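Here is a short briefing on one protein chain and its ligand. Topics run from a helix to the domains and then to the ligand.

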Amino acid sequence: MFTPDFSPSAEQNKQPILTRLLQLLPAQGTALEIASGTGQHAASFASHLPGWTWQPTDTHSNAFASINHYAQQAGASNVLAPQQLDVCAERWLAQAPGTDAPPNFDLIFCANMLHIAPWTACTGLMRGSARHLAPGGVLVTYGPYLEQEVPTAPSNLGFDASLRAHNPAWGVRWREDVQAQAQLAGLCLAQRHTMPANNLLLVWAQPAAAHKLAL
Ligand SMILES: C[S@@+](CC[C@H](N)C(=O)[O-])C[C@H]1O[C@@H](n2cnc3c(N)ncnc32)[C@H](O)[C@@H]1O
């Protein structure tokens with residue numbers, strides 16, 4: 001019998017993230033999810049955003065059965081078949097037949113990847129998002145960050161140490177370093193939201209859109 005993957009943290013954070021997404025997003029649009037993992041987020045967000053089409057992806061295709069399972073269980077017919085996407089790749093997704101333009105999205109959503117991947121994944125995420133965001137679209141990242149002017153919670157320091165012990169290329173990222181990569185790719189930090197369990201939800205956009213989104 002098939003047993004889907006299960007992430008306790010995704011189960012806990014899906015409602016607070018959804019609340020923010022519902023405040024941020026218009027009623028309709030197209031979303032590209034990076035690093036979908038178990039698929040719990042895709043199923044939850046897409047089922048509460050019925051005017052949206054949700055494209056889940058992950059670098060590991062062995063995640064796809066679980067992503068499909070949660071989407072079906074939630075009755076979220078607006079979740080597309082998962083596609084393989086490595087943020088470090090020069091090209092994300094196939095171009096639509098008969099066009100030179102890469103597909104673009106009103107939302108690119110990426111939770112909990114930056115710290116569980118080498119730093120090149122941050123560069124790749126920002127470059128790829130700049131290529132694939134529709135005009136006025138937003139990149140939303142969620143997860144733990146270190147910040148220069150904010151004392152780091154002991155839980156995040158411990159998490160950082162455990163990540164680096166597991167893989168020296170991993171680790172909780174400085175928000176300011178992520179912001180520098182975003183700026184190199186042509187994106188600005190438009191919104192910063194504190195979230196439960198010492199996480200942040202960050203909204204990135206092209207400069208003109210970022211100006212309108214600023215709180
Ligand atoms: C901790 S899981 C987070 C899953 C889900 N977003 C969540 O918040 O529950 C990290 C995910 O990042 C994915 N990942 C790691 N490196 C990646 C890369 N270079 N490109 C795309 N996804 C990647 C992994 O396959 C894994 O699914």
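**Helix 1 and its salt bridge**

K14 and E11 sit three residues apart in helix 1 (residues 8-24), so about one helical turn separates them. Their side chains meet in a salt bridge, with N to O at 2.8 Å. The model is a predicted one. A search of the whole structure finds five salt bridges.

**Domain layout**

- The domain assignment splits the protein chain into domain 1 (36-84) and domain 2 (102-193).
- Between the C-alpha centres of domain 1 and domain 2 the distance is 21 Å.
- Contact between the two involves five residues of domain 1 and five residues of domain 2.

**What the domain interface buries**

- Together, domain 1 and domain 2 bury about 360 Å² between them.
- Carbon and sulfur atoms account for 92% of that buried area.
- On the domain 1 side, H41, W52 and W54 lose the most area to domain 2.
- Those residues, H41, W52 and W54, together make up 76% of what the domain 1 side buries.

**Polar links across the interface**

- How many salt bridges cross from domain 1 to domain 2? The rule finds zero.
- Polar contacts give a count of zero residue pairs between domain 1 and domain 2, with both residues at pLDDT 80 or more.

**Which elements form the domain 1 side**

- Helix 2 (40-48) and strand 2 (52-58) are the elements that each give two or more residues to the side of domain 1 touching domain 2.
- Strand 2 supplies the largest share of that side, three residues.
- By class, the residues on the domain 1 side that touches domain 2 are three nonpolar, two polar and no charged.

**Ligand surroundings**

- Around the ligand there are 16 residues.
- Which of them come nearest? They are A35, D58, D86, V87 and A111.
- D58 places a polar side-chain atom 2.5 Å from an oxygen atom of the ligand.
- D86 has an N or O atom in its side chain 2.9 Å from a nitrogen atom of the ligand.
- A111 uses its backbone: a polar atom there lies 2.9 Å from a nitrogen atom of the ligand.

**In brief**

- The interface of domain 1 and domain 2 has zero salt bridges, and 92% of its buried area is on carbon and sulfur atoms.
- At the ligand, D58 and D86 approach with side-chain atoms, whereas A111 approaches with a backbone atom.

Terms used
Residues are numbered from 1 along each chain as its sequence is written. This is a predicted model: local features need pLDDT of at least 70, side-chain atom pairs count only at pLDDT 80 or more; totals for chains, interfaces and linings use all residues. Side-chain values use heavy atoms; hydrogens and water are left out. Domain bounds come from an automatic or database domain assignment. Contact means heavy atoms within 4.5 Å. Buried area is the accessible area (1.4 Å probe) that two parts lose on being put together, summed over both. A salt bridge is a side-chain nitrogen of Lys or Arg within 4 Å of a carboxyl oxygen of Asp or Glu. A polar contact is a pair of N or O atoms within 3.5 Å; within protein, one must be able to donate a hydrogen and the other to accept it, and residues adjacent in sequence count only if both atoms are side-chain atoms. Helices (H or I, at least four residues) and strands (E, at least two) are DSSP runs, numbered from the N terminus. Ala, Val, Leu, Ile, Met, Phe, Trp, Tyr, Cys and Pro count as nonpolar, Asp, Glu, Lys and Arg as charged, and the others, Gly among them, as polar. A residue is near a molecule or strand if one of its heavy atoms lies within 4 Å of it.
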